[in-house]
Amino acid sequence: MTGFIGIDVAKDSFTAAFLITNKLNIAQETILSFSVDQNGWQSFMKTWQSLPAQNWIVGLEASGPYSQLLLRHLQTLPYPVHMLSPLQVRKFRQSQSLRKTKTDPIDAHTIALFLHHQHLQGSLKPTPPSSNLRHLVRLQEQLTSQLVRVQNQFRQTLYLLFPELERRFARFPKAIRRLLACYPSAKQIAKANPDHIRTLLAQGQGSAPAISAAELQDLASSSLGLEDQMASLHLKHLLSLWESIEKQHHEVSHTLQAQTRLRYPQAWQIMTQIPGLGPNLVARFLALVEDPNRFPSRKALIAYAGLDPSVHQSGRFQ
């Protein structure tokens, strides 16, 4: 006998439907809910071990961090585990019944039935253990968004204090940011010691500064910018945030590239030789797709990414 376990996951609980089949027929069915804690897991395992099937196939819908927690625990057990697409399970549910009733036991039961159906068709492939590199990609995306937001606020604030300097640079070198952290307004730059301005602009520069101290102070002396204490404080705070987020972004990107290269050395070597693909893009691609060799063809990979066009035809319309 073969057993199928469909698991519907919520934040603080999960519902498991245990189906035991005898060839094509369902011989036994048990549906229970468990808490997401040590007691709930032990109760789940005790229920599972009490059932008579010798072979088990387990499946749960992908639902972000909630399903990942159970998936990691289930993958330590000697049974194939499948992370299922919610879209596929929903389409299967619609093919089984037109009723719109939706509960956790019904969802778990549907997942177990879907596993049974796919098993009979021979189309089930266990989900490989996750590398967790996707978490780094998501974190990198969040840091990028935060950095862009801070940079936009910085520009808007600098426009009040020194609009001529805001228009001067598409990207602000670290030397300019370091100078603005000391002198956040045109008025303060115009009154500053020229030697100190030169020192700040020269720090960390491998070549000539993007703007000379004399040119900068001339620009500041004729600036329309305001002398606003609150705006100056805001600018300093934004510069501090910029530096902090930039440092975190660099650390995450470096770790992502190093771990991806270590995990997929062959794919990394091939992809980084393709013109136009830098290490950051290759690392993000491999982290999200994982091992490209798990796809039987390029078409399967394109379909996985959701980039395959499909034909919709009805009568003369196509």
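Lys and Arg count as positive here and Asp and Glu as negative, with His and the chain ends left uncounted. On that basis, the protein carries 33 positive and 21 negative side chains. The centres of those two sets sit 7 Å apart. Keep in mind that this is a predicted model.

**Overall build**

As for secondary structure, you're looking at 14 helices and five strands. The protein is more spread out than a compact globule, because its radius of gyration is 29 Å, well over the 20 Å that the globule rule gives for 318 residues. Measure the C-alpha trace along its principal axes and you get spans of about 90 × 50 × 45 Å.

Here are some whole-protein percentages side by side:

| Property | Value |
|---|---|
| Residues of the protein that count as buried | 36% of 318 residues |
| Contacts joining residues at least 24 apart, among those between residues at least 6 apart in sequence | 62% |
| Accessible surface belonging to carbon and sulfur atoms | 53% of about 19,300 Å² |

**A closer look at E290**

Now for a single residue. E290 lies in the loop that runs between α13 (279-289) and α14 (298-305). Its phi is near 65°, which is a positive value in a residue other than glycine. Is E290 buried or exposed? The cut-off for buried is under 20% relative accessible area. E290 has 9% relative accessibility, so it counts as buried. Put together, E290 is a loop residue with a positive phi that counts as buried.

Definitions and conventions:
Residues numbered from 1 in each chain as written. Predicted model: local features only at pLDDT ≥ 70, side-chain atom pairs only at ≥ 80, totals over all residues. Heavy atoms only, no water. Helix = DSSP H or I, 4+ residues; strand = E, 2+ residues; numbered from the N terminus. Rg over C-alpha atoms; globule rule 2.2 N^0.38 Å. Buried < 20%, exposed > 50% of the residue type's maximum accessible area, 1.4 Å probe, protein only. Contact = heavy atoms within 4.5 Å. Areas by Shrake-Rupley, 256 points an atom, 1.4 Å probe, with all protein chains shown as cover. Charge placed at Lys NZ, Arg CZ, Asp CG, Glu CD.
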